[in-house]
Amino acid sequence: MKISSKKVALTALLTATAILLGVVESLIPPIFPALPFLRLGLGNVAVGFAAIALGCPYAVLTALLKGALVGLIAGNPMMIIYSLAGGVTSAIVTILLINLRKLSLPVIGVLSACVHNLMQLFVAAAMTSTAEVFTLAPVFLVFGAVAGFGTGTVQFLVIRALPERFFSF
Amino acid sequence: MRSLRSEKNIRHYKSAPYLGIWDFYVLLLIIFLSTIALKYYLAPEEGKFCTVYVAGEEVLELPLSVDTKTEIPGTHALLTISGGGASITENDCPNKICIKTGFVSDAGGVIVCAPNKIVVRISGEKSYVTGVHG
């Protein structure tokens, strides 16, 4: 695989956007005060965009850097494990579905957000070795579906609105 | 240096509709699966206690494990507890809605007799309706 400098630059730009969105997201007050770790996941717009315009390795890289750096900047080191586990699995699902080219972006967002949240629940269950965390699963899945639909819609609009010369080479 | 796959992706998602036929199928599948999951998640909890209120005051609390027939104090209603559930079997109200409500056994279930201001509530172990039972 030939690595072009344009692609590297765009990956860096998208990673920066994803981190910025993640940090801003952690500054706004939580939507449900009881569950402060439920967040919108706007950074996944950048990951999905990388998956469309750049391809698999760049999107995975974006997701990895986003998970590690947002955790370092905005959260505690424990958060990194959760966001990496969720972020990378959901990025892989996003990449597979995007390359399938059958579903549209909002639905891809819903599916990948659900995978993201389920993976985080699995990690939480493994780390605390309690199965009780799965009683939260319905809240996580419903919220994830709504948030995923939202981020997918943003992706859809970004792809539509952005002139192709900015990301096609 | 054009990567064929991302070029195809860009072209496809540039012109793709907001929701297509496959999305419709997937959303249908999601709704179907979540309905099934919700049915298990919201499976009614078995009632453990029944609490009787008359005019808003708690007058009686009985475990559902013991079969009894009790007259609700201050009224002419007969509360029957049998087989883990409760029902009002006799009353002097005009419409007999409380009797027609029949047998209630799930936690959160209610029997109401409006004319006599009777409310019978079934609560489970973890009831948030009547608080904590000993």
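B:Val52 stands opposite B:Leu60, a residue of E2 in chain B. That pair is a good place to start in this predicted model, where local features need pLDDT of at least 70, side-chain atom pairs count only at pLDDT 80 or more, and totals for chains, interfaces and linings use all residues. To find your way around, note that residues are numbered from 1 along each chain as its sequence is written, that chains are lettered from A and ligands numbered from 1 in the order in which they are written, and that side-chain values use heavy atoms, with hydrogens and water left out.

Let's stay with chain B. Strand E1 (residues 49-54) and strand E2 (residues 57-63) run antiparallel and are joined by six bridges. Strands here are DSSP runs (E, at least two residues), just as helices are DSSP runs (H or I, at least four residues), and both are numbered from the N terminus; two strands pair if DSSP finds at least two bridges between them. E1(B) and E2(B) make a hairpin with two residues between them, and B:Ala55 in the turn has a positive phi of about 50°.

Now widen the view. The hairpin strands belong to an open sheet of four strands in chain B, in the order E2-E1-E7-E6, with antiparallel pairing. E2 and strand E6 (110-113) of chain B each have a single partner strand, so one side of each is left without a neighbour in the sheet. From one strand to the next, the twist averages 15°; axes are lines fitted to C-alpha atoms (for helices, over the stretch in contact), and angles run from 0 to 180 degrees between N-to-C directions. At the E6 end, four bridges join E6(B) to strand E7 (residues 118-123) of chain B in the antiparallel sense, and B:Ile111 stands opposite B:Val120 in E7(B).

Chain B also has an open sheet of three strands in the order E3-E4-E5, again with antiparallel pairing. Its edge strands are E3 (68-71) and E5 (85-90) of chain B, each pairing on one side only, and its twist averages 25° from one strand to the next. E3(B) pairs with strand E4 (residues 78-82) of chain B over four bridges, and B:Glu71 stands opposite B:Leu78 in E4(B).

Next, see how the chains meet. In chain A, 32 residues are in contact (heavy atoms within 4.5 Å) with 23 residues of chain B. The buried area, meaning the accessible area (1.4 Å probe) that two parts lose on being put together, summed over both, is about 2,500 Å² between chain A and chain B, and carbon and sulfur atoms give 62% of that. In chain A, A:Ile52, A:Arg101 and A:Arg160 lose the most area to chain B, together 22% of what that side buries. Helices H2 (43-53), H4 (77-100), H5 (105-128) and H6 (137-161) of chain A each give two or more residues to the side that touches chain B.

What about salt bridges (a side-chain nitrogen of Lys or Arg within 4 Å of a carboxyl oxygen of Asp or Glu)? Between chain A and chain B the count is zero, while over all chains it comes to two. A:Glu25 forms a salt bridge with A:Arg39, with the closest N and O atoms 3.2 Å apart. A:Glu25 lies in helix H1 (residues 5-27) of chain A and A:Arg39 in the loop between H1 and H2 of chain A, so the pair ties together parts 14 residues apart in sequence.
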